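These are my notebook entries on one structure. I looked up a strand residue, the nonpolar cores and a pair of helices.

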Amino acid sequence: METSGNTILTARVAPHHGRSWIHGESTGLARSVGPGDWTKRGDPHPSGAHRVPCPARARPVASPLPMGTPMDYKNTLNLPQTQFPMQANLVQREPQRLAKWEEGRLYERIQNARADAPVFVLHDGPPFANGDVHIGTALNKILKDIVVKSRSLRGFRAPYVPGWDCHGLPIESKVTQELRAAGRGDADAATIRTACDAYARKYIDLQRGQFKRLGVLGDWAHPYLTLEPQYEADELRLFADMVARGFVYRGKKPVYWSVPFRTALAEAEVEYHDHVSQSVYVKFRVSGEPNTFVLIWTTTPWTLPANLGVAFNPELHYSYVHANGDTYLVANLLLSAVAQKCGWENYQIIRTAQAEELASLSYEHPFCERVGRLHPADFVESSTGTGFVHIAPGHGLEDYHLGLKVGLAVYCPVDDAGLLALTADLPREQQMPDSLLGKSVLSKNGRSDANDAVLAVLSEKGALAAREDYTHSYPHCWRSKTPIVFRAVDQWFIRIDHAAQGEGKPTFRQEALAAIDGVKWVPDWGANRIRGAVSTRPDWCISRQRTWGVPIPAFYDAAGNALLDAEIVRRAADLVESRGSNAWFALSVPELWAACRPKDWKGPEAATRGQDTLDVWIDSGSSSRAVLMRREDLRHRAEGAADWQADVYLEGSDQHRGWFQSSLLLSLAGNGVAPYKTVLTHGFMVDEDREKISKSKQGQGGYTKPQTAERYVNDHGADVVRLWVASQDYRSDIEVSEERLKKVGETYRLLRNTIRYQLSNLFDFDPSRDAVPESAWTPLDRWILGEFARLEREVAAAYEAFEFHLVYQKLAQFAAVELSATYHDVAKDRLYTDAAASPRRRSTQTALHRMATGLCQMLAPMLAFTSDEAWEYLPGMAAESVHLSTWIPSAYESTETERAAWKTMFAIRERVLPELEKARQAKAIGKSLEAGVELVLEPAEGDVVSSRAAELREILNVSQLAIRSGAVASVRVSPANGAKCDRCWHRETDVGSHAQHPALCGRCVDAVSARIMVV
């Protein structure tokens, strides 16, 4: 061939070169099916091939034939064979593989195999030990498993210690219901706690099995449980360190209160829903000014009995307004709206009121015999209301802080049951009238008994200027779904603005904000979310009025003063570690005090014990001390004092207010550093209507089908569920639907059949004997292995960046385009029709083996079961399981010249394929192998392909190719010269020239002869 001028470039492919089948073309041979054969040859996609049982990796042989003996050439083809099933049958097969993993102690073997490797720790945020595993929880666990498996495959020792959050309100509520139903409503604390323990352990066992069924590998035999004495003791020791550093105090201040459960709630246990409130405009008579009133607006009339002051904003402008025979003080910006609400048709502004004047005023409570004053406050807004806010220090944090500033009592006339009640804070004559006592503040359908009773008193006193229903976002108890109340009670708190290192040093809040900046947040908006939560949070109320939890080891002297000392807490921790936390409730006070009293104690003696338990966010948030610092298998090596820090925490986006935050605050206060280096956040699980799927909604019958992990696994198999999780960009909310799962199921079948195709063509390949060195690879194999190496590098980077949806996309696209539609289709001819041990076929098998190995490893974090199943059919694997292997992405890289050449050849291919189809439609040819193609190429393209004509003919799948140079590129398709070879179906001019095999081309004669020589 010549390449200069207009010389015709011909590429008459020698008989020993191969051919392939065009994607989508049926090329089945008319032949009988023998054992081990596939019914179709040249099937365009592996899913179309049917397997009958055959020995794995059997080497086909044929007996020598005498000269001239007729031969059935179908038996001389290297037809694919594998026992790797086309049908996945995941629901049946996965449990069998899981049993094999457990019997072989796969997790332990992985850890032992990497005993000396660098450590990577993902710390498990504990799910709650009740109910079946929800599909949202399954999403979380699968994401964690993908992280762990991907790091393990890259050579890290990546231990995974699962955990469960075992204490708290949901379990105690369920257990007490069951006890009441059994006629044991008077059960004592020890009985309730024992029943709660059994309840939690039952669901731990249930969920453990469901998590394992998802393919999650971990130390399931040794999880961490927040109910275990060791854990509880470490939690108390962390708490003792905080007590010693001055973080903990007892005070009376407003907290979120759940009326149905009669307990304080943490901020993370509150959720916001739309709520209808009975809002009112109330007249507070100005002392010494006849018919003159300060007009206030409130959405909680039941808090009016607790009113001790009125706030105004000194930056706003106020006026005296005459309306309906009375005079009112109102903010100017709100006057028109107030007039409309109160029905003032003809009102008149009398004069303005300066801030100094307002601060000098006092007022008379509308129905209680007491007087209050007006106080300046910058939290009063001009967007709603009247510009005046009634102040009840016992029912709101802003009110509380203002009350502290000006000396108001922390007055909260609401008891634990949410009923209006008398207190000892004020003289009886200054408290509410008897008609209000015992009325419930709990709102139901926008109304409450207490609100109705207050409205009746206001109307009776002529103090009600107007009322209306007002819809707004309002905090609700996460468990009971009822509106919470802000209620001041004596509780234990952690100071958020505490300067633990002394005056002039950063406060605890400032330290936490600085620590946030030292953590990698994925996605990066997570930093802003937790920063906002920490910046605005009040002091942390850590005490709960519950039975099922870790007790706060506080005592009280005879005068009722709290005795909480770091050494008392540490001794209580020792008691809990040896006897369990039930000892706090089971022992008498003298016995407890004897066990917990410090040896050098000089304070008052204990008279009673505290009954409060710690907030469950203290439980789970203490895992840095109780798990990461406790377990040697989770320690890094030679990383200094913080060698216990986890590499990754991974939870839902609600945990910026929950576990992420509690873990950060507790670790900073007790351990001095953040517990994590990187925090990953995933969105919520939503249904097809984009509504959040929640476990609590599930329990209330919110779904026609249970949204449990078990349901989806039983319908689709765990690997399809895992692949669906990987396919989602978890940084946003994730939609679960049958349509989405079915679509992912199609991708699963593509990936499975891609690997199956490769395995089926390795049945006679032994990599230790047959592998071809890089220097001997054919150009086609060099191209695909260069593309595959690029894929491996990109997938490794995506796993490293926790971008699993990119892993899914890249692998699926590569399987569909580069492999199924191109390389697999092109390589069939050489694989099936070349001599079994020919260098070209062995080169392609070498490529297939490399890719099948890499695909199994890249897919293993997502398709935990399927990749391991396929791995067993790969010849020459040293590791028994793919999960025991180490994935090292290929360093191979084709040259820039090669990449450019293949880009040009595939561009030419895209021009030729439509012309072949036109010739087929015109009946000029049948299959593409009946065609000869003449290409006129511009000089630039001609120079590229002049030495690659054989490769170009192969990817075009035609029998002959002629190339010449010209100013205008063109394609001409015509019937190929020569006769059809009965074995490979190429049209070759040498068919008939071989006496022993007159129906074969020279290449097939060589292949058949080589086969006959194999005995």
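I take helices (H or I, at least four residues) and strands (E, at least two) as DSSP runs, numbered from the N terminus. I work from a predicted model, in which local features need pLDDT of at least 70, side-chain atom pairs count only at pLDDT 80 or more, and totals for chains, interfaces and linings use all residues. Residues are numbered from 1 along each chain as its sequence is written, and side-chain values use heavy atoms, with hydrogens and water left out.

**Entry 1: Ser319.** I found Ser319 in strand β10 (residues 318-323). Is Ser319 buried or exposed? Ser319 is buried, with a relative accessible area of 2%; buried means under 20% and exposed over 50%, with partly exposed in between (1.4 Å probe, protein chains only). The side chains of Ser319 and Asn332 share a polar contact of 2.6 Å. A polar contact is a pair of N or O atoms within 3.5 Å; within protein, one must be able to donate a hydrogen and the other to accept it, and residues adjacent in sequence count only if both atoms are side-chain atoms.

**Entry 2: cores.** A nonpolar core is a set of buried Ala, Val, Leu, Ile, Met, Phe, Trp, Tyr and Cys residues joined through side-chain atoms within 4.5 Å. I noted that the largest has 139 residues. Helix α25 (residues 804-833) gives the most to this core, with twelve residues. A second, separate core of 76 residues includes Val330 and Phe367.

**Entry 3: helices.** Pro779 and Trp783 are among the residues of α24 that meet α28, where contact means heavy atoms within 4.5 Å.
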